[in-house]
Amino acid sequence: MASLLQSPPRTRRTAAEVREDLRHRRPLVAVALLGGAAAALGPLVVCLAVGVVGWFLSDAGAHGTPSDALRVGALGWLMAHGSGLVVSGAPVTAVPLGLTLACAWAIWRVGLRVGDSVSGHGPDLDALADGERDLTVPVTAGLFTLTYAVVAGVVVALAGSAETSPSTAGVVAWSIGLCVLVGGTAIAVGSGRAAGWVALLPPVVRATAATVRTMLLVWLGVSAFVLVAALVVDFGTAVNVMSQLHLGAGSGTLYTLLSLLVLPNAAVFSSAYLLGPGFTVGVGTVVSPTAVALGPLPMFPLLAALPDPGPHPAWTPALLALAPLVAVVAVVRVQRRRPTLRWDHGALRGGCAGVVSGVVIGVVSGLAGGAVGPGRMADVGPYAGQVLVHAIAWFGVAGVLAGLAMTWWQRRTPPADVEAGIPAERVSASASTSATREDDAAEAERTQKVARVDVDQTRKVARPRLGARTTQPEEPAEPSEKSSGKSEESPTPEKSADGPAEDPGEDTAMTEVIDAADEPAEKPADEPGQ
């Protein structure tokens, strides 16, 4: 009885292990609140410093005060969060996406650190198996977002004025969106929860997400390449614009920095041009592969990349083929790494990836434009609605066709199955089985984990009982005589003075349980066709 109450020996953890455990169990509320504040204040401080430096570079501080320079830097940070401004009575609603991307990068980096610091919180695996919910990531992301939004509201109150009129609602909405989409994802990745969630998704969903990522990255690279090529062709015009502005060294540096901040916007404009609808650079203007109509333009170097007005060259409509070509390349690239022999999966991957990519491009096109000045400059940006329709059509249709074509090719020449010695006529018959192999493997792994837990519990209970019995040696049992058709009845165990005699077969059964637990699990036999 004493052996049953004995607890297993505990190994003392080292100081390094204790520090590592504490590093992942820091106070959740404090870490989340400080992380949100740090993510907001980091880019804000950089913008304030740039405002002060620009004030000195422009006129050596002869006009204005340092507080005015700080206010300009704060307003720039607010514009990256969709605040909009009123400059000399003219509304400016365009968002500098370059500065927005810088803020998003800061949120991502801080979110990763916050997620790693709170990764030790939440229920363990046993509690999750019992149905307990893990709210570590939602709670942390909520506190992170709350602090970021509060900092943004305070900046609006301090930097805004009746003349500039930044939108508080717009800043809060953009702050919440950035923290939820970027910060929440970073916290989930840093805490390790995202890996578990992704592993639970069906293989076709994971393959579709990989296709979307590849498609968007390739399309962004193509759009940026076309923009750079247009700038290189008309580089002399850009230099001429800068010379006509008669800027000094300091003002020229600030002007160049402003151009860099809107380069992502220009890349989105290039994307709208390649998809067909194009964009506008003023009321009543249009720039597309099939038509170019321009009016008076402001002196801005990036506008040198615009095509010349008038009849378009004969080769520009051919640029419309780049969108379906990018979709085909993305689908083929991903399906080579994640092959499938099912027709529905091939079409679903390519089609859904194309539709999702088109929606993302349409939404970003809507965010890239806005008013940049008075009069005609109140309407500058891509035709977002038309871009959305064209992107879904181009990427969706091309994705479906590419997915079906790759599925046909992989069913026709399946390299893995042929090398394994399986005849080609059996490949098509095993298409549905191969599509579910990943799910079966995951289920088998979970079953083995449950079996290990049962074996560990059996060891904890069975070993003390076996140890207690081995203290009293047993006499060897006499061999029983066997008859040809009938077996003799086993003698009834005699009762001793201390109590009833124990069954000698119980020790043997317990020994077999422990031996079976100590043996490694047998590897399941391979299914036919694997």
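The legends below describe an overview and several close-up views of a predicted model.

**Figure 1. Overview of the predicted protein model****.** The protein has 530 residues, and buried residues make up 36% of them. Its secondary structure consists of 21 helices and six strands. When contacts between residues at least 6 apart in sequence are considered, 78% of them join residues that are at least 24 apart. The accessible surface comes to about 31,000 Å², and 65% of this area belongs to carbon and sulfur atoms.

**Figure 2. Close-up of N265 and the residues it touches****.** N265 is found in helix 13, which covers residues 263–275. The relative accessibility of N265 is 8%, and because buried means under 20%, this residue counts as buried. Leaving aside residues up to four places away in sequence, N265 touches V95, P96, L97 and G98, and it also touches A368.

**Figure 3. Close-up of the aromatic pair formed by Y255 and F300****.** The structure holds six aromatic pairs, and the one formed by Y255 and F300 is edge-to-face, with 5.9 Å from centre to centre and 65° between the planes. Y255 lies in helix 12 (residues 249–261), whereas F300 lies in the loop between strand 5 (292–293) and helix 14 (322–337), so the pair ties together parts that are 45 residues apart in sequence. Both Y255 and F300 are buried.

**Figure 4. Close-up of the aromatic pair formed by W408 and W409****.** A pair of aromatic rings is described by the distance of the centres and the angle of the planes. For W408 and W409 these values are 6.3 Å centre to centre and 50° between the planes, and the pair is tilted. W408 has a relative accessibility of 46% and therefore counts as partly exposed, and W409, at 44%, also counts as partly exposed.

**Figure 5. Close-up of a nonpolar surface patch****.** The patch covers about 440 Å² and is made by V46, V50, L254, L257, L260 and L263. Two elements, helix 3 (28–59) and helix 12, give two or more residues each to the nonpolar patch, and the largest share, three residues, comes from helix 12. One of the patch residues, L254, lies in helix 12 and, at 30% relative accessibility, counts as partly exposed.

Methods. Residues are numbered from 1 along each chain as its sequence is written. This is a predicted model: local features need pLDDT of at least 70, side-chain atom pairs count only at pLDDT 80 or more; totals for chains, interfaces and linings use all residues. Side-chain values use heavy atoms; hydrogens and water are left out. Helices (H or I, at least four residues) and strands (E, at least two) are DSSP runs, numbered from the N terminus. Buried means under 20% relative accessible area, exposed over 50%, partly exposed in between (1.4 Å probe, protein chains only). Contact means heavy atoms within 4.5 Å. Rings of Phe, Tyr and Trp (its six-membered ring) pair if their centres lie within 6.5 Å; planes under 30 degrees apart count as stacked, over 60 as edge-to-face and the rest as tilted. Patches are made of residues with over 30% relative accessible area and no salt bridge: like charges are joined within 9 Å, nonpolar side chains (Val, Leu, Ile, Met, Phe, Trp, Tyr) within 5 Å. Accessible areas come from the Shrake-Rupley method with a 1.4 Å probe; for residues, only the protein chains shown count as cover. A salt bridge is a side-chain nitrogen of Lys or Arg within 4 Å of a carboxyl oxygen of Asp or Glu.
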